[in-house]
Amino acid sequence: MSFAFPRFTFHFGASPKPSSLPTNHGFFLFSPKKRRFNTTTRLISAQLSSENLLVVVGGGAAGIFGAIRAKTLAPDLNVVVKISGGGRCNVTNGQCADNLILAEHYPRGYKELRGSFFSEHGPKDTMSWFTDHGVELKTEDDGRVFPASNNSSSVVDCLLLEAKQRGVLVQTGKVVTTASMTAGGKFLLKIEKRTVDSVENVEANYLLIATGSSRQGYTLATQLGHSIIDPVPSLFTFKIEDPQLAELSGVSFPKVGPMLVTHWGLSGPVILRLSAWGARDLFSSDYRGTLFVDFIPDLHIEDVKSFLIEHKNQFVKQKVLNSWPSELGLVKRFWKYILDREGLNGDTLWASVSNNALSSVASQLKQCSFIVKGKIALSTMESRIQSNLFFAGEVLNVDGITGGFNFQNAWSGGYIAGTSIGNLAVAAVLEDEEE
């Protein structure tokens, strides 16, 4: 079994706008564990006597954005959220204007995302939302969008302020442990405190699960009749046991991805993307196989051979370690690595190197093999099985490559789920008024 990726081949195995009406709704938002969005361990809830209650399990990007959106459509929703953050926050990716092209950046979920998902709320909408709420953004050369402050607190503070202004509240130290349906069609949720022996049962009209990769979300979904596709790791580096390669630690290859050599193997954006596209196959192979890398993707192998032979004829009296064709764009440390792999002594004169040996060097540069021995570690978002149950974010079988795409999935999914829930809540009020 194998899969191909630009400049790489991996063989598995040991070898080669609706109106809003004043309503009286309750709102719970639970954040069960620390996630990529840098949420603290929080249980978000509000003690309300409302007949219409929305519970959101998960206080990350998808959860809080869905909460804000639902609250925007149903202004009397009561919401509690607390989020903390550090470092830079990759908001989205601003290079994909075409939603079909945007969907192609999701190794898992791209077929489903090719529909109306990003049309409802895409990267431009995300950027506009944060800009309209006072967060200045900047787009880097690779399309990644960051707050101009280079600090995730700008995004977190913005969301917290908007949540607070919308009436969102946060309760910490609790977790939703079970979910079931009542005879009246509501969600019965068991909520436990982490620090003390305390249990409370809450009935909710709507439930949004946005727990990221936490097992809690999968457990609740299973309890409500859903089957789960076992999650597998993604966005990891490759472990390669090669002492000579380890000596190249710190050497990067911009043409390849970029790709970076580390003391344990290979890393960098292109390796992370490769791990995302091959996540399930890599998991099935126990992260073992042969990785073939093209270190000179801009040159055909015959051109590489020609450059090597021309260099040989021009520098016959020089040692092979001390000179090599500039067209190859290689650093000396990597050139030595290639020579060592071919068994060529660096002190050998170019005149003494056979053309067959140069052909082998060209092959190494165009298809260099590495034995990988491990890793270092939608239209409404409503369930088709259970009405009024919604999912958003990484709890779904959606996985984007690096560059802000996973956050965009969270913003889009949260927005769509929040919109659906808000509209349902408004419709419920209208029905009550007509009766």
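This is a guided tour of one structure, stop by stop, with a suggestion at each stop of what to select.

The model is predicted, so local features are used only at pLDDT of at least 70 and side-chain atom pairs only at pLDDT 80 or more, while totals for chains, interfaces and linings use all residues. Residues are numbered from 1 along each chain as its sequence is written, and side-chain values use heavy atoms, with hydrogens and water left out.

**Stop 1: strand β12**

Begin by selecting residues 206–209, which form strand β12; helices (H or I, at least four residues) and strands (E, at least two) are DSSP runs, numbered from the N terminus. In a regular strand the side chains alternate between the two faces of the sheet. In β12, Tyr 206 and Leu 208 point one way and Leu 207 and Ile 209 the other way, and all are buried, where buried means under 20% relative accessible area, exposed over 50%, and partly exposed in between (1.4 Å probe, protein chains only).

Next, add residues 52–57, strand β5, which pairs with β12 in the parallel sense over four bridges; two strands count as paired if DSSP finds at least two bridges between them. Within this pairing, Leu 54 has Tyr 206 of β12 as its bridge partner. Then add residues 389–391, strand β20, which runs parallel to β12 and is joined to it by three bridges, with Ile 209 standing opposite Phe 391.

**Stop 2: two open sheets**

Select β6, β8 and β7, which in that order make an open sheet of three strands with antiparallel pairing. The edge strands are β6 (92–93) and β7 (137–139), each of which pairs on one side only. Between β6 and strand β8 (residues 144–147) the antiparallel pairing extends over two bridges, and the partner of Thr 92 in β8 is Val 145.

Now move to β9, β10 and β11, another open sheet of three strands in that order, also with antiparallel pairing. Here β9 (174–181) and β11 (199–204) stand at the edges with a single partner strand each, so one side of each is left without a neighbour in the sheet. From one strand to the next the twist averages 25°, an angle that runs from 0 to 180 degrees between N-to-C directions, with axes taken as lines fitted to C-alpha atoms, for helices over the stretch in contact.

Seven bridges join β9 to the antiparallel strand β10 (residues 187–193), and one pair to pick out is Thr 178 with its bridge partner Lys 190. While β9 is selected, look at Lys 174, which has its place in that strand. Is Lys 174 buried or exposed? Lys 174 is buried, with a relative accessible area of 6%. Its C-alpha lies 9.3 Å from that of Ser 198, although the two are 24 residues apart in sequence.

**Stop 3: helices α1 and α6**

Select residues 61–73 and 153–165, the helices α1 and α6, which pack at an angle of about 35° with their axes 10 Å apart. In α1, Ile 64, Phe 65 and Ile 68 meet Leu 159, Glu 162 and Ala 163 of α6, a contact being heavy atoms within 4.5 Å. By class, this contact has five nonpolar residues, no polar ones and one charged; Ala, Val, Leu, Ile, Met, Phe, Trp, Tyr, Cys and Pro count as nonpolar, Asp, Glu, Lys and Arg as charged, and the others, Gly among them, as polar.

**Stop 4: helix α12 and its surroundings**

Finally, select residues 332–342, helix α12, in which Phe 334, Trp 335, Tyr 337, Ile 338 and Leu 339 are buried. These buried residues pack against several elements, including α8 (243–246), α11 (301–314) and α13 (355–366). Just after the helix comes Gly 343, whose phi is positive, near 75°.

With α13 added, you can see that α12 and α13 pack at an angle of about 120°, with their axes 10 Å apart. The contact is made by Phe 334, Trp 335, Ile 338, Arg 341 and Glu 342 of α12 together with Ser 360, Val 361, Gln 364 and Leu 365 of α13. By class, these are five nonpolar, two polar and two charged residues.

To end, add α11, which packs against α13 at an angle of about 135°, with the axes 9 Å apart. Among the residues of α11 that meet α13 are Ile 301, Val 304 and Leu 308, and the residues of the contact divide into eight nonpolar, three polar and three charged.
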